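Please walk through this structure with me, one helix at a time. Keep the sequence beside the picture as you read.

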Amino acid sequence: MIAVFLALVITSSVLRPPVDLPTRGMPRALAVLLALLGAAALVGGILALIGTTVAAEWGRLGGERHGGLGRIDRRLSDAPFHLHPGTATDLKTRIGDFVASHRSALLSTALSGARRAVEPVTGPALAVFCSVFLLHSGDRMWTWGCANSRPAPARCGDGRAAPPGTPSRATPAAC
């Protein structure tokens, strides 16, 4: 349900104007394809910008992590903790040894939890899938849904919805 709501938001506010703009000289399917490719290029560009920024700062972040462990170790050896110097470094070594010795169990647990990692991907994928259909023929789907939302006695003989205010037992003459 969230994916369909997301598709409606994407369709109505982001992609609908570029699809409706060139309808005079371009087939609607091509306009939908170009709008989706443009949106994908925009999202890809933003992710590339974020990725290059993180990659450029990666070395500095590693240095800060190493320096941070030293600071934590010094703080733990001072008051009020008075722990043995090297406690944080020893803890880091123990965690590394634990991960190395239990690698298969940790890997199987991670793979069994992969479903949780797939769920955030399937929602947006369903939203994009619904957006394609809403952009291409959303007006026809909306018209069909509204026309068929009335009970059968309130429809005209040819399947059209009876005009508003018509009694529920509409006759062909009322249509």
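Helix α1 covers residues 2-20. This is a predicted model, and the helix lengths are a good place to begin. At 1.5 Å a residue, the 19 residues of α1 should span 27 Å. The end C-alpha atoms of α1 are 25 Å apart, which agrees with that expectation. Still, α1 has a kink of about 45° at V14. The kink comes shortly before a proline, P17.

Which residues of α1 are buried? They are A3, A7, T11, L15, R16 and V19. An α-helix has 3.6 residues a turn, so residues three or four places apart point the same way. Keep that spacing in mind when looking along the helix. The buried residues of α1 pack against α2 and α5.

Now step back to the whole chain. The protein chain has five helices and zero strands. From the N terminus on, its elements run α-α-α-α-α. Of its 175 residues, 13% count as buried. Next come the contacts along the sequence. Take those between residues at least 6 apart in sequence: 36% of them join residues at least 24 apart.

Turn to α2. At 1.5 Å a residue, its 50 residues should span 74 Å. The end C-alpha atoms of α2 lie 69 Å apart, which agrees. Helix α2 has a bend too, of about 50° at W58. Its buried residues are A31, V32, A35, G68 and D73.

Two residues of α2 show how the chain lies after this helix. I72 belongs to α2. Is I72 buried or partly exposed? With a relative accessible area of 45%, I72 is partly exposed. I72 and G86 are 14 residues apart in sequence, yet their C-alpha atoms are 9.6 Å apart in space. L76 is also in helix α2. At 23% relative accessibility, L76 counts as partly exposed. The cut-off for buried is under 20%, so L76, at 23%, is not in that class. G86 appears again here: ten residues along the chain separate L76 from G86, and their C-alpha atoms are 9.1 Å apart. L76 also touches F81, H82 and L83, not counting residues up to four places away in sequence.

Now to α5. How does its span compare with that of a straight helix? A straight helix of 34 residues would span 50 Å at 1.5 Å a residue, but α5 spans only 43 Å between its end C-alpha atoms. Helix α5 also has a kink of about 85°, centred on S137. The buried residues of α5 are A127, C130, S131, L135, S137 and G138. S137 is thus both a buried residue and the centre of the kink. The buried residues of α5 pack against α1 and α2.

Two of these buried residues lead back to α1. Look first at S131, found in helix α5. S131 counts as buried because its relative accessibility is 1%. Which residues does S131 contact, leaving aside its neighbours within four places in sequence? They are A7, I10 and T11. Of these, A7 and T11 are among the buried residues of α1. Then take G138, also placed in helix α5. At 13% relative accessibility, G138 counts as buried. G138 and T11 are 127 residues apart in sequence, but 9.4 Å apart in space, C-alpha to C-alpha.

One pairing remains: α2 with α5. Two packed helices are described by the angle between their axes and the distance between the axes. Helix α2 spans residues 28-77, and helix α5 spans residues 114-147. Their axes come within 9 Å and cross at roughly 145°. The crossing of α2 and α5 is right-handed. On the α2 side, the contact is made by R28, A29, V32 and L36. On the α5 side, V132, L135 and H136 take part. By class, this contact has five nonpolar, one polar and one charged residues. Two of the contact residues have come up before. V32 is among the buried residues of α2, and L135 is among those of α5.

Put the pieces together. The buried residues of α1 pack against α2 and α5. Those of α5 pack against α1 and α2. Helices α2 and α5 cross each other in turn.

Conventions: Residues numbered from 1 in each chain as written. Predicted model: local features only at pLDDT ≥ 70, side-chain atom pairs only at ≥ 80, totals over all residues. Heavy atoms only, no water. Axes fitted to C-alpha atoms, helices over the stretch in contact; angles between N-to-C directions. Helix = DSSP H or I, 4+ residues; strand = E, 2+ residues; numbered from the N terminus. Left-handed = near helix turned anticlockwise from the far one by under 90°. Contact = heavy atoms within 4.5 Å. Nonpolar A, V, L, I, M, F, W, Y, C, P; charged D, E, K, R; others polar. Expected span 1.5 Å × (residues − 1). Bend = angle between axes of the 7 residues up to and from the residue. Buried < 20%, exposed > 50% of the residue type's maximum accessible area, 1.4 Å probe, protein only.
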